[in-house]
Amino acid sequence: CVCVWRMYYILQRRGLLQRVSRGSVTVNGEVVARIEKGLVVLVAFKVGDTLKDLTWMCNKILKARLWANDNKNWSSSVTDQNLEVLIVSQFTLYATFKGQKPDFHNSMPPQEAQQMYHHFVQLVKTSYIPDRVKEGEFGAMMEVEIINDGPVSCQIDSPV
């Protein structure tokens with residue numbers, strides 16, 4: 001799968017939803033999280049992000065109609081089908097390019113982003129079924145396996 005990204009400066013919170021038949025995160029050769037059918041959500045945070053932004057993203061992720069139901073395409077969400085969610089922090093979603101080198105100055109600093117990430121994961125867990133929500137390891141060098149179903153990949157940017 002070759003992905004082409006349209007680059008532009010953006011002020012919103014960012015997430016990339018990927019509908020998967022399975023996904024996992026491995027750190028230092030050990031699988032730390034694994035899901036079957038559901039969503040892998042790659043998230044990034046910026047300075048100024050608030051609880052309101054996280055709540056908007058949580059609702060969008062859990063209610064996004066990315067599956068068919070009763071022969072109707074795009075009519076069923078992860079919660080409708082009782083599927084799993086794997087959340088992975090990925091600050092590189094805010095990369096901009098100056099020449100050939102990526103610049104990450106739009107991303108939230110690591111200490112703040114870690115708190116925001118853990119808060120976001122807890123928000124998704126309390127808004128859904130906690131044991132259906134898995135997470136990567138913030139700040140670790142991760143091997144993320146994503147077996148796209150479709151493929152369906154959707155970028156979401158919080159408008160708040």
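Which helix is Lys125 found in? The views below, taken from a predicted model, start there.

**View 1. Lys125, a lysine tucked into helix H2.** Lys125 sits in H2, which covers residues 110–127. Despite the charged name tag, Lys125 counts as buried, because its relative accessible area is 18% and the cut-off for buried is under 20%. Looking beyond residues up to four places away in sequence, Lys125 touches Pro130, Val133 and Glu135.

**View 2. The largest nonpolar core, with 30 residues.** Leu17, Leu39, Val43, Phe45, Val85, Ile87 and Phe120 are the residues with the most contacts inside this core. Two or more residues each come from strand S3 (38–44), helix H1 (51–63), strand S6 (84–89), H2 and strand S10 (142–157). H2 chips in the most, with seven residues.

**View 3. Ile87 and its neighbours.** Leaving out residues up to four places away in sequence, Ile87 touches Val41, Val43, Tyr117, Phe120, Val121, Val124, Val133, Lys134, Glu135 and Gly136. Apart from the largest core lies another one, of 14 residues, with Leu16, Val27, Leu86 and Val88 among them.

**View 4. Cys58 and Cys154, two cysteines with no bond between them.** The closest cysteine sulfur to that of Cys58 belongs to Cys154 and is 17 Å away, so the pair is too far apart for a bond; a disulfide would need the sulfur atoms within 2.5 Å. The disulfide count is zero. Cys58 is buried, at 1% relative accessible area, while Cys154 is partly exposed, at 26%.

Note on methods: Residues numbered from 1 in each chain as written. Predicted model: local features only at pLDDT ≥ 70, side-chain atom pairs only at ≥ 80, totals over all residues. Heavy atoms only, no water. Buried < 20%, exposed > 50% of the residue type's maximum accessible area, 1.4 Å probe, protein only. Helix = DSSP H or I, 4+ residues; strand = E, 2+ residues; numbered from the N terminus. Contact = heavy atoms within 4.5 Å. Core = buried A, V, L, I, M, F, W, Y, C linked by side-chain atoms within 4.5 Å.
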